[in-house]
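This report describes one strand of a sheet and its surroundings. The sequence and the structure come first, and the text then works outward from the strand.

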Amino acid sequence: MKKAIVLGSTGMVGTQLIDLLLQSNNYAEVVSLVRRASGITHPKLNEQVVDFERPETWSDFVRGDVLFSCMGTTIAKAKSKDNQYKIDYTYQYNVAEVASKNDVPVYVLVSSAGANENSVTFYTYMKGQLDVDVQKLPFKVISILRPGQLYGDRTENRTGEKVGLSVMFALNKLGILKKLKPIHAREVAQAMINSAENKQNTISTLSEIFELL
């Protein structure tokens with residue numbers, strides 16, 4: 001019976017991850033660090049609304065067997081690259097660093113297809129930089145998942161995303177861009193849980209993520 005810490009539990013992957021962890025017989029407690037209350041209540045769930053700018057107020061909560069990190073936002077929602085970087089990189093890295101200092105042994109991160117610290121595209125550069133930097137932290141096992149476009153239930157309506165998914169599904173049927181095949185958020189969440197059982201560091205691309213299911 002393990003204790004999980006989840007970062008990003010109100011997002012599309014995070015909500016699925018919380019649901020799966022609460023159903024799992026392998027986890028006795030799930031600590032969720034959030035910026036706003038999720039409204040979810042469960043005997044196994046320990047939800048903490050925190051200010052990520054003040055690590056001293058939440059660092060003691062980052063103790064357990066696995067840290068699952070799937071926090072992220074869009075440039076439209078963040079309003080600026082600086083704000084998006086703070087959420088996607090800084091907050092996630094800071095929590096990972098605290099977890100490693102608190103001797104959390106396993107770290108599982110949702111990154112992105114195309115993540116590359118040398119990319120000229122801001123988003124893939126940001127994701128790639130986080131991938132590189134967290135691997136320098138002294139976890140016993142680090143698993144990084146790089147899915148393609150995600151789909152599933154969202155609390156907000158994203159018309160552009162729906163159009164993009166329709167186009168991508170159509171291209172996939174024609175045998176085009178299969179490496180960027182959309183993947184359901186629940187499948188990513190399940191792959192995160194399964195990858196937490198890895199005994200060595202791994203970076204999983206889309207096809208490898210499906211192998212984890």
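Which residue in β2 is the bridge partner of Lys2? In this predicted model, Lys2 has Tyr27 of β2 as its bridge partner.

**Strand β2 and its two neighbours**

Strand β2 covers residues 27-34. Of its 8 residues, 6 are buried, so the strand is largely enclosed by the rest of the structure. The chain reaches β2 from β1 by way of helix α1 (residues 12-23), and this β-α-β crossover is right-handed.

Strand β1 spans residues 2-7 and pairs with β2 in the parallel sense, over 6 bridges. A further bridge partnership between these strands joins Leu7 to Leu33 of β2. Strand β3 also runs parallel to β2, and 5 bridges join the two. In this pairing, Val30 stands opposite Leu45 of β3.

The residue pairs named above are listed here.

| Residue | Partner | Partner strand |
|---|---|---|
| Lys2 | Tyr27 | β2 |
| Leu7 | Leu33 | β2 |
| Val30 | Leu45 | β3 |

**The sheet as a whole**

The strands belong to an open sheet of 7 strands with parallel pairing, in the order β3-β2-β1-β4-β5-β6-β9. The edge strands, β3 (45-49) and β9 (202-204), each pair on one side only. From one strand to the next, the twist averages 15°.

Two helices can be placed against the sheet. Helix α4 (residues 122-134) lies across β5 (106-110) and β6 (141-145), and runs at about 170° to β5. Helix α6 (residues 185-195) packs on the sheet and touches β2, β4 (66-69), β5 and β6. The direction of α6 makes about 160° with that of β6.

**Leu33**

Is Leu33 of β2 buried or exposed? The relative accessible area of Leu33 is 1%, and buried means under 20%, so Leu33 counts as buried.

Leaving aside neighbours within four places in sequence, the contacts of Leu33 include Val6, Leu7 and Gly8. Leu7 is thus both a contact of Leu33 and its bridge partner. Also in contact with Leu33 are Gln48, Val50 and Phe52, together with Trp58, Phe61, Val62 and Val95. The C-alpha atoms of Leu33 and Asn46 are separated by 8.7 Å, and the two residues are 13 residues apart along the chain.

Notes
Residues numbered from 1 in each chain as written. Predicted model: local features only at pLDDT ≥ 70, side-chain atom pairs only at ≥ 80, totals over all residues. Heavy atoms only, no water. Helix = DSSP H or I, 4+ residues; strand = E, 2+ residues; numbered from the N terminus. Buried < 20%, exposed > 50% of the residue type's maximum accessible area, 1.4 Å probe, protein only. Contact = heavy atoms within 4.5 Å. Pairing = 2+ DSSP bridges. Axes fitted to C-alpha atoms, helices over the stretch in contact; angles between N-to-C directions. Right-handed = clockwise from strand over helix to strand, strands pointing away.
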